[in-house]
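Here is a set of short exercises, each with a worked solution. Keep the structure open as you go.

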Amino acid sequence: MRGVIKEFFNGLWKENPTFRIQIGLCPVLAVTTSAMNGIGMGLATTFVLTCSNILVSLLRKVIPDKVRIPCYIIVIATFSTIVDLVMNAFTPDLHRVLGIFIPLIVVNCILMGRAEAYASKMPVLHSALDGLGMGLGFTWALTLIGAIRELLGKGSIFDRAVTAEGAATFGMFSLPPGAFITLGVLLALMNMINARLRKAS
Amino acid sequence: MNESARMIVVLTVIAMVSGGLLAAVYDWTSGVIAENQLKEMESAVFAVLPGAVRIELLDRGPAELVEDDPKASKETKQAANQVFVGYNEQGAPVGYAFVGEGNGYGGIIRIMVGVSEAEGKILNLTVLSHSETPGLGSRIEDAGFRNQFVGKTLSDPIAVGRDINALSGATISSRAVTEAVRRGLEQASAVYERSR
């Protein structure tokens with residue numbers, strides 16, 4: 001049981017998809033203009049990742065090796081489309097912002113990566129926890145980047161103004177260059193923290 | 001069962017199950033999605049027609065005005081058939097609202113404009129959708145810019161540099177909105193006049 005729980009925490013820090021493995025960076029850079037967008041995209045990805053991991057793991061003995069990639073893509077695309085439709089129906093505001101990125105979950109390499117490298121070899125419970133952990137690791141990374149960019153670019157966090165009325169903001173942080181700068185600084189910080197931890201242990 | 005037969009069967013079954021699942025989810029959500037879009041449109045109409053308690057869709061008839069406009073998108077061609085008339089509590093018309101569209105910097109900008117019944121003055125304007133640059137073109141949503149259009153009528157020029165000040169750093173977006181207002185007003189007022 002210990003080992004299973006470890007799978008869950010793996011994605012949160014040690015193998016965080018954004019900060020450690022650095023895969024699936026396209027949505028990380030594109031949607032993180034606000035903290036809310038980060039959470040929305042993260043949770044949508046978490047849902048698709050957990051479901052596809054479970055299904056791929058369940059079917060791992062049924063799916064022939066030669067057609068495994070098309071099978072994974074069908075599974076992932078199905079769950080992405082379900083998320084797209086359900087979000088459009090029940091959270092239209094969020095869907096308007098994330099609209100074009102939701103179908104792109106299909107080609108997010110985190111999903112294919114976990115299906116191919118993990119879920120296709122491991123039992124269901126392990127795969128589910130791995131998907132959940134990776135997804136939540138992705139979510140906190142996106143939310144953090146989104147919050148920093150929203151604070152610097154618009155002077156608010158979660159759409160609530162935190163700076164004085166009319167205070168100067170760096171509009172650039174709402175634009176693509178701000179995404180690269182924020183991600184770069186956070187990656188450097190992550191590396192620094194990990195280097196310290198390694199030295200300490 | 002040999003290997004290639006197994007491959008075909010597995011892939012087919014997975015694709016069929018997925019297709020069935022998607023059909024079910026689509027069936028469940030499509031009604032809600034259509035309802036959301038209608039509600040959104042209606043709340044925009046109420047926002048630009050102060051005093052209106054009931055709105056009615058005016059059938060524009062043949063949309064010959066927009067039909068030959070090569071720049072108009074599919075949505076406009078649909079929306080072009082729609083002029084909404086707002087009525088107050090006494091049942092008297094307070095004005096009409098229309099959807100205007102212009103080519104912005106990052107794509108098509110769609111706006112909703114309300115016009116008063118009595119003098120044909122613009123009452124209010126909201127931006128329905130746009131994909132302009134955040135921090136620059138996105139300021140077309142700010143009240144300071146939008147309020148410049150309030151009170152304008154068909155006899156005003158409604159042009160950037162004449163009676164509308166462009167947003168600094170966002171000339172294209174400002175022009176697109178102004179263009180959408182002027183063109184939309186010309187078309188919608190003609191339709192509204194004809195309907196009376």
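**Exercise 1. Find what share of the contacts in chain B with a separation of 6 or more comes from residues 24 or more positions apart, then outline the chain.**

Solution.
- Step 1. In chain B, 59% of the contacts with a separation of 6 or more join residues 24 or more positions apart.
- Step 2. Remember that this is a predicted model.
- Step 3. List the elements. Chain B has 5 helices and 5 strands.
- Step 4. Put them in order. From the N terminus they read α-β-α-α-β-β-β-β-α-α.
- Step 5. Check burial. Chain B has 196 residues, and 34% of them count as buried.

**Exercise 2. Describe how strands β2 and β3 of chain B pair.**

Solution.
- Step 1. Locate the strands. In chain B, β2 covers residues 82-87 and β3 covers residues 93-103.
- Step 2. Give the direction. The two strands are antiparallel, and 5 bridges pair them.
- Step 3. Pick one facing pair. B:Gly86 stands opposite B:Gly95 of β3(B).
- Step 4. Look at the link. β2(B) and β3(B) form a hairpin with 5 residues between the strands. There B:Gly91 has a positive phi near 90°.

**Exercise 3. Do the same for strands β4 and β5 of chain B, then place B:Ile108.**

Solution.
- Step 1. Locate the strands. In chain B, β4 spans residues 108-116 and β5 spans residues 122-129.
- Step 2. Count the bridges. There are 6, and the strands run antiparallel.
- Step 3. Pick a facing pair. B:Val113 stands opposite B:Leu125 in β5(B).
- Step 4. Inspect the turn. The hairpin of β4(B) and β5(B) has 5 residues between its strands. B:Gly120 in the turn shows a positive phi of about 70°.
- Step 5. Turn to B:Ile108, which lies in β4 of chain B. Its C-alpha atom is 8.0 Å from that of B:Ser129, a residue 21 positions away along the chain.
- Step 6. Classify B:Ile108. It has 18 other C-beta atoms within 10 Å, so it is partly exposed.

**Exercise 4. Work out how helices α4 and α5 of chain A meet.**

Solution.
- Step 1. Locate the helices. In chain A, α4 covers residues 35-58 and α5 covers residues 68-90.
- Step 2. Read the geometry. Their axes come within 9 Å and cross at roughly 145°. The crossing of α4(A) and α5(A) is right-handed.
- Step 3. Name some residues in the contact. From α4(A) they include A:Phe47, A:Cys51 and A:Leu55. From α5(A) they include A:Tyr72, A:Phe79 and A:Met87.
- Step 4. Sort the contact by class. It has 12 nonpolar, 2 polar and no charged residues.

**Exercise 5. Place A:Ile63 and say whether it is buried or exposed.**

Solution.
- Step 1. Find A:Ile63. It sits in the loop between α4 and α5 of chain A.
- Step 2. Count neighbours. A:Ile63 has 22 other C-beta atoms within 10 Å, so it is buried.
- Step 3. Name its contacts. Leaving out residues up to four places away in sequence, A:Ile63 touches A:Arg68, A:Cys71 and B:Val10.
- Step 4. Compare sequence and space. A:Ile63 and A:Phe90 are 27 residues apart in sequence, and their C-alpha atoms are 34 Å apart.
- Step 5. One contact of A:Ile63 is in chain B. Now take the whole contact between the chains. It takes 18 residues from chain B and 20 residues from chain A. The chain B side has 12 nonpolar, 4 polar and 2 charged residues.

**Exercise 6. Why is helix α8 of chain A described as largely enclosed?**

Solution.
- Step 1. Get its length. α8(A) runs over residues 124-154 and has 31 residues.
- Step 2. Check the span. From first C-alpha to last it reaches 43 Å, close to the 45 Å expected.
- Step 3. Count burial. Of its 31 residues, 24 are buried, so α8(A) is largely enclosed by the rest of the structure.
- Step 4. Look past the end. A:Gly155 follows α8(A) and has a positive phi near 75°.

**Exercise 7. What are the phi values of A:Phe158 and B:Ile158?**

Solution.
- Step 1. Recall the rule. Most residues other than glycine have a negative phi.
- Step 2. Take A:Phe158. Its phi is positive, near 50°. A:Phe158 lies in the loop between β1 and β2 of chain A.
- Step 3. Take B:Ile158. Its phi is also positive, about 45°. B:Ile158 is in the loop between α4 and α5 of chain B.
- Step 4. Classify each one. A:Phe158 has 13 other C-beta atoms within 10 Å, so it is partly exposed. B:Ile158 has 21 C-beta neighbours inside 10 Å, so it counts as buried.

Definitions and conventions:
Residues are numbered from 1 along each chain as its sequence is written. Chains are lettered from A and ligands numbered from 1 in the order in which they are written. This is a predicted model: local features need pLDDT of at least 70, side-chain atom pairs count only at pLDDT 80 or more; totals for chains, interfaces and linings use all residues. Two strands pair if DSSP finds at least two bridges between them. Helices (H or I, at least four residues) and strands (E, at least two) are DSSP runs, numbered from the N terminus. Two residues are in contact if their C-beta atoms, placed from the backbone, lie within 7 Å. Ala, Val, Leu, Ile, Met, Phe, Trp, Tyr, Cys and Pro count as nonpolar, Asp, Glu, Lys and Arg as charged, and the others, Gly among them, as polar. A residue is buried if 20 or more other C-beta atoms lie within 10 Å of its own, exposed if 12 or fewer, and partly exposed in between; C-beta atoms are placed from the backbone. Axes are lines fitted to C-alpha atoms, for helices over the stretch in contact, and angles run from 0 to 180 degrees between N-to-C directions. A crossing is left-handed if the near helix is turned anticlockwise from the far one by less than a right angle, and right-handed if clockwise. The expected span of a helix is 1.5 Å times one less than its number of residues.
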